[in-house]
Amino acid sequence: MPSSPKSFNARTSPPATRPTRSTRLIFSALLTFAIASFLFALSSFLSSGGSGYRCKSSDPRSVRVLWDRTGNVNNGGASGDDDNGTNRHKVMGFVGIQTGFGSAGRRRSLRKTWMPSDRQGLQRLEEATGLAFRFVIGRTNDKSKMAELKKEVAEYDDFILLDIEEEYSKLPYKTLAFFKAAYTLYDSEFYVKADDDIYLRPDRLSLLLAKERSHSQTYLGCMKKGPVFTDPKLKWYEPLSYLLGKEYFLHAYGPIYALSADVVASLVALRNNSFRMFSNEDVTIGAWMLAMNVNHEDNRALCEPECTPTSIAVWDIPKCSVILQGYNKGSIDVQDCR
């Protein structure tokens, strides 16, 4: 056999030496400079006028559009990726912003605040944070609405289209379809579900997702629990309340939460008819997470009511959210929850 190169021969290699104090100081200074340069570049990008990152409400309306059941993936905005997953785009985190046909104003607001309004801006944001962002929407039989959506897709190219009939009461089905589509198109460490009525700080979300974790199966969100609503007059009425008892288990608020890649891979592997679907999407996801024995990571910066130096996601917590105990105590009027 040929002999090893002389420079890698243990007998002829010089003895190892400890770095001098000056060498350590120089290395430390270079590392500090590199980190500072990265943070400065990221800060400059996020504060640039082109992207318009301003701390303001995305839209004053409170009505959310929810969806129907699962369907096939139609890649409407993830250029370079195919439907069968053979060319999944690699990112640290994929954020799917759930939207609907009545939310064009919300999408405009997001594009004027924290989300870039052009393909190049989205690419720069992805390079700076490791996060890819797309609006996620289904389909409708209304030809005029589909025509308007087609125009918006052509103009902004920031959508993923799902072959799903949208219906308010079937959001859990749509959410499952979203995670399956996202997993097909993106090779990501985290998959984030977000609503289109939140203000988001992508830089802070990036730092949160990049943290080292001892659990490969992570359910990350702003956790809550509270009484199960059994009154059909209430928005969050749960017809399957007899399976749940008087109080919900711990689960994340619906406006934004993240699932690690291992968790989403498990969801993708299961048959659709093996999932229990409750009335509320956040409760449904929470039930699946309990069944999968994942680690619940509670982060209150994901549910701030106003912008702060540490807030990651800002949105209005509903007055009648299940985190409140006032309903059972009689301090919340049923009229407020309709």
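**Group meeting: a walk through the predicted model**

Okay, let's start with helix α6, residues 202-209, which is mostly covered, with 7 of its 8 residues buried. The buried ones in α6 are Pro202, Asp203, Arg204, Leu205, Ser206, Leu208 and Leu209. Before I go on, please keep in mind that this is a predicted model.

Now the strands. Have a look at β8, residues 251-260. How many of its residues are buried? The count is 10 of 10, so to speak, and the strand is mostly covered. Strand β5 is mostly covered too, with 8 of its 10 residues buried.

So who pairs with whom? β5, which spans residues 186-195, runs antiparallel to β8, and 5 bridges join the two. If you want to find that pairing on your screen, try Phe190, whose bridge partner in β8 is Ser260. Another place to look is Ala194, which stands opposite Ile256 in β8.

β8 also pairs with strand β7, residues 218-224, again over 5 bridges and in the antiparallel sense. Here you can pick out Lys224, with His251 of β8 standing opposite.

And β5 has another partner to show you. Strand β2, residues 89-98, runs parallel to β5, with 9 bridges between them. Gly96 is a handy marker there, since its bridge partner in β5 is Lys193. While you're looking at strands, here's a general reminder: in a regular strand, side chains alternate between the two faces of the sheet.

Let's move to the rings. There are 10 aromatic pairs in the structure. Take Trp114 and Phe133: they make an edge-to-face pair, 5.6 Å centre to centre, with 65° between the planes. Why does this pair tie together parts that are 19 residues apart in sequence? Because Trp114 sits in the loop between α2 (104-112) and α3 (119-129), while Phe133 belongs to strand β3, residues 131-139. Are these two buried or exposed? Trp114 counts as buried, at 1% relative accessibility, and Phe133 is buried as well, with a relative accessible area of 1%.

Then there's Phe275 with Trp288. That pair is tilted, at 4.6 Å centre to centre and 55° between the planes. Phe275 comes from the loop between α7 (261-269) and α8 (281-291) and Trp288 from helix α8 itself, so here the pair ties together parts 13 residues apart in sequence. Both Phe275 and Trp288 are buried.

Some rings join up into a cluster. Which residues are in it? Ring pairs link Phe94, Phe178, Phe179, Tyr186, Tyr219 and Tyr257.

We also have arginines over rings. Arg111 has its charged end over the ring of Tyr156, 3.8 Å from the centre. Arg88 lies over the face of Tyr183, at 4.3 Å from the ring centre.

On to how the helices cross. Start with helix α5, residues 171-185, and α8: their axes come within 8 Å and cross at roughly 55°. α5 and α8 are therefore oblique to each other, and their crossing is right-handed.

Now compare that with α5 and α7. Their axes come within 9 Å, crossing at roughly 110°. How are those two helices set relative to each other? The angle falls in the window of 65 to 115 degrees that counts as roughly perpendicular, so α5 and α7 are roughly perpendicular to each other. As for handedness, α5 passes α7 in a left-handed crossing.

Last stop, Tyr237. You'll find this residue in the loop between β7 and β8. Tyr237 is partly exposed, and its relative accessible area is 26%. That label applies because buried means under 20% and exposed means over 50%. How far apart are Tyr237 and Ser279 in space? They're 7.4 Å apart, C-alpha to C-alpha, though 42 residues separate them in sequence.

If you want to retrace the tour, begin at β8, with 10 of its 10 residues buried, and follow the bridges to β5 and to β7. From β5, the parallel bridges lead on to β2. That's my walk through, thanks.

Key
Residues are numbered from 1 along each chain as its sequence is written. This is a predicted model: local features need pLDDT of at least 70, side-chain atom pairs count only at pLDDT 80 or more; totals for chains, interfaces and linings use all residues. Side-chain values use heavy atoms; hydrogens and water are left out. Buried means under 20% relative accessible area, exposed over 50%, partly exposed in between (1.4 Å probe, protein chains only). Helices (H or I, at least four residues) and strands (E, at least two) are DSSP runs, numbered from the N terminus. Two strands pair if DSSP finds at least two bridges between them. Rings of Phe, Tyr and Trp (its six-membered ring) pair if their centres lie within 6.5 Å; planes under 30 degrees apart count as stacked, over 60 as edge-to-face and the rest as tilted. A charge sits over a ring if NZ of Lys or CZ of Arg is within 6 Å of the ring centre and within 35 degrees of the ring normal. Axes are lines fitted to C-alpha atoms, for helices over the stretch in contact, and angles run from 0 to 180 degrees between N-to-C directions. Angles under 35 degrees count as roughly parallel, over 145 as roughly antiparallel, 65 to 115 as roughly perpendicular and the rest as oblique. A crossing is left-handed if the near helix is turned anticlockwise from the far one by less than a right angle, and right-handed if clockwise.
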